[in-house]
Every structure is written in structure tokens, then in C-alpha cells.
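Subject: Structure handover

Hello,

Here is the structure you asked for. My notes on what was found in it follow below.

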Amino acid sequence: MSTELEQSYDPKKVETKWYKTWEESGCFDGEVKNDRDSFTIMIPPPNVTGMLHMGHVLDNTLQDIFIRRARVESKSALWFPGTDHASIATQVKVEQSLRKQGTSRRELGREKFLEKAWEWSDEHGGIIFNQLRNLGASCDWRRSRFTMDPEYQRSVISSFVELYKRGFIYRGKRLVNWCPASQTALSNEEVIMKPQKGKLYKMRYEIVEEPGRFVEISTTRPETIMGDTGIAVHPEDERYADLVGKHCWRPFPRAEIVIVADRAVEKDFGTGVLKVTPAHDQVDFDIGKRHDLEVIDVMNPDGTLNDTAGEEFAGMERFKARKLAVLKLEELGLLVEIEDYDNNVGFSERADVPIEPRLSEQWYLKYPKVEEAKRAVENGTIKFHPKRWEKVYLHWLNNIQDWCISRQLWWGQRIPVWYKKGADRSDPENWHVSVDGPGDPENWEQDEDVLDTWASSNLWPFATFGWPSDDPKVKAELDYFYPTSMLVTGFDIIFFWVARMIMSGLELMGEEKETLTDEEIEKRVPFKDVFIHGLIRDSKGRKMSKSLGNSPDPLDLIKKYGADGLRFGIINIAPNGSDILFAEERIEIGRNFCTKLWNACRFRQMAGGVSGEQSLEAIVDRLAGSQLEGYGNWILFRLLQTIEDIEGQFARFEMHQLTHTLHNFFWGDFCDWYVEAAKAMLQLKDDPRHDAALAVSDLSIRQSLLLLHPIMPHITEELWSSMGYSENGGFLQDSGLIKASELRSLFESKGVKIDEGGAQRIEQVKELITQARATKAEYKVASKRDVTLFVTPTDAASSTVIEDNLDTIKRLAGAATIELREKVENLPGSVSALGTVYLDLSSAVDVEAEKARLSKELERLGKAIQAGTGKLKNPKFVDKAPPTVVEGARKQLAETQAKHDEIARLLKSL
RNA sequence: GGGGGAUUAGCUCAGUUGGUUAGAGCGCUUGCUUGACAUGCAAGAGGUCGGCGGUUCGAAUCCGCCAUUCCCCA
């Protein structure tokens, strides 16, 4: 059944209709089908309150392409959706809103605050799912998971307990990255180093043992002077060798502090003397440890100075305190100079304030299965695309440090550790660690902290299925869908997420084992292929941000260009793994291509005869046994090539090539050449070529729709149904995409011969037509469709080819008559492999212009001949290069030479 | 300081193991209501592939150095 297409394509109508139909039919549902291969992708869960931005468009379009491709390849595809609670990001937002309401989380208390947070996530959550639906994302929405779902929380807690039991989780007191705004510890990955223009303050401390002698010290942080418990010099620094072991005066609060020698000091930095503040700097902390220096914490959790810092400083904000400290140094006559200094300062990723190294007790994870995680990538069990990201991943693993997983936040999975009331929390004797808590809760109090968001999302590939569970359904699904097929994400979360998922999968998806074999690694990894794409930037290469206003709303773009147009456009401009410079006009190509597809199908309908059965076999049957004319053979040959190209591109993850290949075939080959040539055949009455042209068109369009469907699902579904390709009302995805090799066999079995030689002859015909058009354009008669052309064929074979295709040449070149002649003189002509084509001009030829044009061409060919001759004369080339290359060079030279001679003759004849 | 990219037409990018006269889209110029499509059709201009050296019969492609530039990590 076919339906007549409307005159113009209305994306909104078509997209809304089909998305609803698909979702209601359950065709996105991922099911265990043991007779089919599974293909699974876990969505990188967006923040629960997130809104769709261009990065999501790219990431999810790519995933949808892989998923839909898997469906047309008859795999059982599952695209698992969900959202992330984004502990710190969400909590920051909720706290902001509380502040507006004149309250705070501390005022509300934990329970009330969590109620508010849930309200917030219910209210703002899930919007992005509908936005993804607008984009056409074919997720199995029934399964949607949220990392704060009770079942998911239970998975997270179970993993903590399990990893604790296995000895990977411990409590430690050390310097952490402290965010004074959010008042929580952060992991190293959440700290962003930013270059800052600061000051370097040079000051002098008096030596206790030698009054009147001073030592000069450089620092960027004078506000921590009160926490100094020593100063350090390099042991090989002769300038200060005699001072080691002596003391100097800390100016405020005035106290004697010791001078130590330590290799961590950079001799060449500043004066070569370092003030040591063990409580507020990692290097200083380490030095202090080595020399047994006192640790004096002078700051409050919110970044203000505390009472220890002294009366003047207590309660003062840290940057104000810096100014005051400088002032005091000056008053004491201890400030030597201030210079400008550029250094890198760590900022909290979420709160965007400088972090403060702070001594505190936190939970740490010693990463499990680090060696296996490396091996999985090194031995190819997991492949990154593009491959260069493997180096980045391995480099990080080689320098890995324990992960601080506790956060002083409330929104998240609470750490399943209980402390005996009134007992020392540092002593593991007083801990209870379990999923369900102690049996006598009245005697215990639970750890107040929650887990880092990424400590829950790193379980995403299996916790979503219900792990850990003895439920047979959970086991069967994990068995079928895990390891998932691939992960599609940006490079910015390789450390945060990708690497951690790999390690948690290796540790937890199986029995506890010290080390894993390659076979075990293969079963436990969370995915096989990691497709890494770039970030979307604006046309000037800047990051997209709300404040710059350079971030278009994808929903507006969908309104303007259609979801399919946007999808095609964004994939089309996405280079191979590097960042994408987005400019709205660059996605017009997507919308235009939709229009082209639509109109090509409309034209096909207007040619009539689309009421019959349109299955692949039925169409091929219409061609069975007949000798295809040149163009039919050519376009089907190109179709086979295109199918093959696309197969290779998917296999190699060359997503940046897909749109180019398909656009080139459908627009450049099918519409611009085949359809135009077919118009000539469609005029023929009672001629087998007429029906063959229709069948070839049907075949080309049908297979193109199948190939394009993953990129442009809505319009292809609409055309699939309207053109009558749908069998029994089924969706395009269920029709089964035939492989190039299978299609070739089908052709053979039906006696449809597709030959390469014939396709090459049509390429020559196309060249001849192009030359004729060019000559017409040169003589300003491009728009005349009734010119007379003369052709002098190169040889008898060429003559036959031209005669066989005379009708289409006439039509495509715009000629009323074409005569084959032995010899033509005094007319402008152009040389092609098949022969020279001349334009019959009633008016006089512009001899000078023609001479100039031909001379230019002659010069170009002359150079090519020189290069070719030189190469072939070189015995080293002839001896060493492969015979096919030499043969090709000979053939090329002969053809060039023939053209050259012909043009020289033309030039002479003028 | 360590590591990873990038450098090809005015712009954004392709260019698979080295092998014809280096391609595409956009932009630009010219001409077109050609049996669906002006979101279209046709023709055209435009590149010593960042520089220097090396390997090779042959280099945009492999190697080295340099320059410019972006990113990650410390």
C-alpha cells in the first residue's frame, strides 16, 4: 500500500506521529531473545534536573544511530535510559533556592532538606526524557532508572559493603581538596586547575639564634602564616646550610619555628626558602610528616579563619585575611617586596571557588583491578575509538591515586557505616558496616556523609539491571545484555566515569578474585567499545555557555530544521573525535537533505506504478532476467558500493563518514544522475526500459531508506510506509537490512547482472555530458536545450557506448540532436575519454577565448604527461613498484596523452 | 614540567595499509521557473597539504627537528 505524499515535508507532523506510534507499539523495548545477538548501550545518565543541550544532541544521536542500526540488522537492541542524582550539583542548586527563600540546609536539618531535594528533583526531573523523545531517541523508557531509586541505592550500598569487605575501602585522615562553598571534600578529578594572576610576597623572618640575621621567604599565601610550624630549605642549598636545625621567629602569633632541610623544596623558586604550613598544603603536609612538625589548622570549614589564627583574624574570610596579613607584615617591617606572579590554583568544579587543602578524616577507595583495567585495553578487550584515547586512559591508570569517596553532603547515598555511640570513630572496632544496618540501631549512629556521585554511577552498567540479586530475571538479563556493546561519551569523563566503570565491573561482576585471567576480564568488562566524541563549541571555538549566550536551544533547532534535519546536520559536521565548531547554518544541510529525500520519493510516485508489492524480492523479481541498461547497472553498482562503504564505516566507527557517503550516493548519484537519466526512459512507451527504470528507482530508494534510517528515523519511516515498502504495516526497523554480499547473491540468483565494466562506461558517459555542458556554459548557451552537438568517438567501442546512451546524453546535456562524425573542424570542443564533443554554433566562434581555454587545459595535461613519463622512464619505479601500479600508470599516461593530442589538434584547427 | 592532539581551498573538515591530475559541504562568481525539489539545477574560480631535513622508485600520508595552536595532567 502506498499513500500519496504531500507537496512539502512537514517534520513536526511526521515526527510527532511516528514517535508516538513507535513508543506505543513497544518497538523500543529491549528483550532477551536468545535466538538473536544482543546490542546494548547504557545512556550516560544526564543530571536529573538537566536540560537538553547540544552536547546531549550529539551524544544521544550517536547512540540512537548505533541502536537503530542494530535493530535494522535484526539484533535485539536495548538502549537503557536513566538519570543521575548528581549529588553536589543538585545540592548546590537546591541550596541556592533555599537561600532565596531565606533559609538554609542547616536550618532545615537533614530530613527536611532531603524532602526539599526530592521535591526539586521530582519537579525538574525527567524533563530531559521528553526532550530526548523530541530528538527521536529510541530508549526503552519502561526501564528508566534514577540513581536515587531505592533499588539503585541498595546496589550502591551493597557495592560499598562488598568493597569494604574485600579491603578496598578504608578511612583515612589526610589533606583533602576542600570546597569552602559546598563545605565538602572533593576528589582530585573534581578540582580544576586554573591559571591565576596573583602576587608573590617576599618577607623576612629573624633567626632566633642569631638576632639581627634574617632569612627571606617567598609565599603566595601569607594568610596561613599562623599555621606555619617550620621553614624548609633544600639540603644541598649552600646558602642556608648553616641555618638547618636553628630556629626563626614566626611573626604572628610570635613563636619559634624550626628550620629543616627537605628535598621537596625547589632551590630556584623564590628565595629557595619555603614556609611550611602542614595543615594547608600538600607539599608542606608531607614535609611536616617527615620532620615531625606540628599541624596547626587555622581555618574553618567555610574558608574563614578560626580562633587559632588569632583574635584579629578569627572569622575573617580567607582573602581578606591575606590582605590583613600583608598589612601586618608591613607594620612589623618584615615585608620585603611584592611581585606579580602567575600560578595555577585549584577550583571546585561545581562551586567554582578556590579549593582549600584541609586535614580531615574521609573514606577512601583503593581502586580495585587496576592492572586488569589496563590489560583490558591493552589486549583489545575494550577498544577506544578513536584509539588515541587509550593512551590518555592508560596514563591516568598509571598515575592513579586512592579516591576520596565521602562527601559532606546530604543528597546522595548515605554511607552504610554506623559508629558505636560515644566511642572513638577512628577505631574500626567501633564500626558496623552493612547494607541493612545494625540490629540494635539505638546504640549506633550512622555516618553523616554520602558517597561521591561517581561512586554510584560507576555501577550503572549492571546496577540498572538490579544487581546484586538472585532473581532469575535479573540474572538472565545480565547474562544476555552484559557486557554491554558500547559506550558513547565525551572525553571529559574518561576518568570520572569510564575508567571507574571498567574497574568496578572487573571487581564486582563475578566472584571475589585477587587477579583475573583474560577470559574473566572479557566476561566482566562493562562494554567492548568506547566511542569518544568531541565537545560542541561555538563557531569561534569557545565553549558553549549560558552566560555567553552562544548555546542554541536544541528544541528551537528541532522546530526549525526538524529532528531528523538536526540529527543529520550534527553528525555531518562532527569530525573524527575532535571538537565540533557549531554554527547554525551548518545544519541546514540536514533539513535540505530531508526535503530532497521527500521530493525524490514524490517524483517516484508521480511516475506511477507503485501500487504493487514492494518487498525487496518483489522489486528484484521485476528486474529478473532482463539486461539492465547502462544507468540502471551503474546506480545499482553504486548502491552495492555504498552499502559496503557504510558496513565498513560502522565496523570501524567512522561515524563522520556516514552522512557524506549517503548524501553523496542519494543526492549526487541517484537524484542528480540516475533520476535525470531515468526521465528519458520513462518517456518510452511499451519498452522494458520503462519498467526497469521504475524497479531500479524503487530498489535504490528502498535500500537508501534502510541505510538512512538510523540517522533520520522519522522521515524514513514515513516514506517507508508511504512508498509501500512496509510489509503488513511493520516498521522499517523490522525489515532486515540486507548486506551488500547478500544483495549481490540475490541479484545473481535472480539473473540480474551488475557489472563493474558497465558502471565504468557510464562514468565515461557522465564525463562526456559534463564536457558538453561546460562547453555550452562557456558559450553562454547553457540554458538552451536544443543545441546540436557533434561527437568524434575515440574508437569503435566508444561509438557504441555513445549510441547506446544517446537519449540520455541528449537529455542531460540539453541537445536536440547529436551526430557522430569522423572529423569536425572550426568548432569549440571538449575532450573526454569517449570522444571529443563539439558545440555547433551558428554564430562565429570566439577564437581567442577558445584558444585561451584550450591552452590552459593543454598546459595542465602537459604537466601530467611529463610526470607520468618521467616516472615510467625511471627503471627503479618500473622494477620496484607493484605491477598493478605500473600498469595503472601506463594506462593513465596513454589516456592523458590521447587527450593532450586531441586538444593540441583542436587548438591547431582553430 | 609530563603527556596527547591539530596545522590540507575564504570557512569547517575528509583523505583507510605510502601509489592516477589532493576531495566534500558551506561561502564566492556565472547562467537557469529544465516533467520532484530555488531547502533546487548546471558550470566555474580557489590549494607548492605549516617550515626544513630524512627514508623510499614514489610522501598530504612514515621518521626527525622547528614553528604555530588547542587540550589533559602536575
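Strand E18 (residues 417–420) runs antiparallel to E20, and three bridges join the two. Please keep in mind that this is a predicted model. One facing pair across these strands is Lys 420 and Trp 444, the latter in E20. Both strands belong to an open sheet of three strands, with antiparallel pairing and the order E19-E18-E20. Strand E19 (431–433) and strand E20 (444–446) form the edges, each pairing on one side only. From one strand to the next, the twist averages 30°.

Other strands

Strand E14 (residues 356–365) is mostly covered, with eight of its ten residues buried. Ten bridges pair E14 with strand E5 (residues 169–179) in the antiparallel sense. Within that pairing, Leu 175 has Leu 359 of E14 as its bridge partner. E14 is also joined to strand E16 (residues 403–404), again antiparallel, by two bridges. There, Leu 365 has Trp 403 in E16 as its bridge partner.

Strand E26 (residues 787–793) is mostly covered as well: six of its seven residues are buried. E26 has a parallel pairing with strand E27 (residues 815–820), over five bridges, and an antiparallel pairing with strand E29 (residues 835–839), also over five bridges. In the parallel pairing, Thr 788 stands opposite Thr 817 of E27. In the antiparallel one, Thr 792 stands opposite Thr 836 of E29.

The RNA strand

Which residues are closest to RNA strand B? They are Arg 586, Thr 595, Arg 860, Lys 880 and Gln 892, out of 46 residues that surround the strand. Of the atoms of RNA strand B that come within 4 Å of the protein, 57% belong to sugar and phosphate. By residue type, the surface near RNA strand B divides into 16 nonpolar, 13 polar and 17 charged residues.

Several helices supply at least two residues each to this surface: helix H19 (588–606), helix H22 (655–682), helix H26 (756–778), helix H29 (847–873), helix H30 (875–880) and helix H31 (883–909). The largest share, ten residues, comes from H19.

Three individual contacts to RNA strand B are listed here:

- Base: an N or O atom in the side chain of Asn 344 is 2.8 Å from a base nitrogen.
- Phosphate: an N or O atom in the side chain of Trp 667 is 2.5 Å from a phosphate oxygen.
- Sugar or linking oxygen: a polar side-chain atom of Arg 773 lies 3.4 Å from such an oxygen.

Asp 901 is found in helix H31. Its relative accessibility is 42%, so Asp 901 counts as partly exposed. Gly 862 is 39 residues away from Asp 901 along the chain, and the C-alpha atoms of the two are separated by 9.9 Å.

Helix H2 and what follows

Why does the length of helix H2 (residues 54–72) agree with what is expected? Its 19 residues, at 1.5 Å a residue, should span 27 Å, and the end C-alpha atoms are 27 Å apart. H2 is mostly covered, since 18 of its 19 residues are buried.

Ser 74 follows H2 and lies in the loop between H2 and strand E2 (76–80). Its phi is positive, at about 65°, although Ser 74 is not a glycine. Ser 74 counts as partly exposed because its relative accessibility is 38%.

Ala 86 also has a positive phi, about 50°, although it is not a glycine. The loop that holds Ala 86 is between strand E3 (82–83) and helix H3 (87–100). Is Ala 86 buried or exposed? With a relative accessible area of 5%, Ala 86 is buried.

Cis peptide bonds

Where are the cis peptide bonds described here? One joins Trp 467 and Pro 468, with omega about -10°. Pro 468 is in the loop between helix H13 (460–463) and helix H14 (472–481). Another joins Tyr 482 and Pro 483, with omega about -5°. Pro 483 is in the loop between H14 and strand E22 (484–490).

Regards

Conventions:
Residues numbered from 1 in each chain as written. Chains lettered and ligands numbered in written order. Predicted model: local features only at pLDDT ≥ 70, side-chain atom pairs only at ≥ 80, totals over all residues. Heavy atoms only, no water. Near = heavy atom within 4 Å. Polar contact = N/O pair within 3.5 Å; in protein donor to acceptor, adjacent residues only side chain to side chain. Helix = DSSP H or I, 4+ residues; strand = E, 2+ residues; numbered from the N terminus. Nonpolar A, V, L, I, M, F, W, Y, C, P; charged D, E, K, R; others polar. Pairing = 2+ DSSP bridges. Axes fitted to C-alpha atoms, helices over the stretch in contact; angles between N-to-C directions. Expected span 1.5 Å × (residues − 1). Buried < 20%, exposed > 50% of the residue type's maximum accessible area, 1.4 Å probe, protein only.
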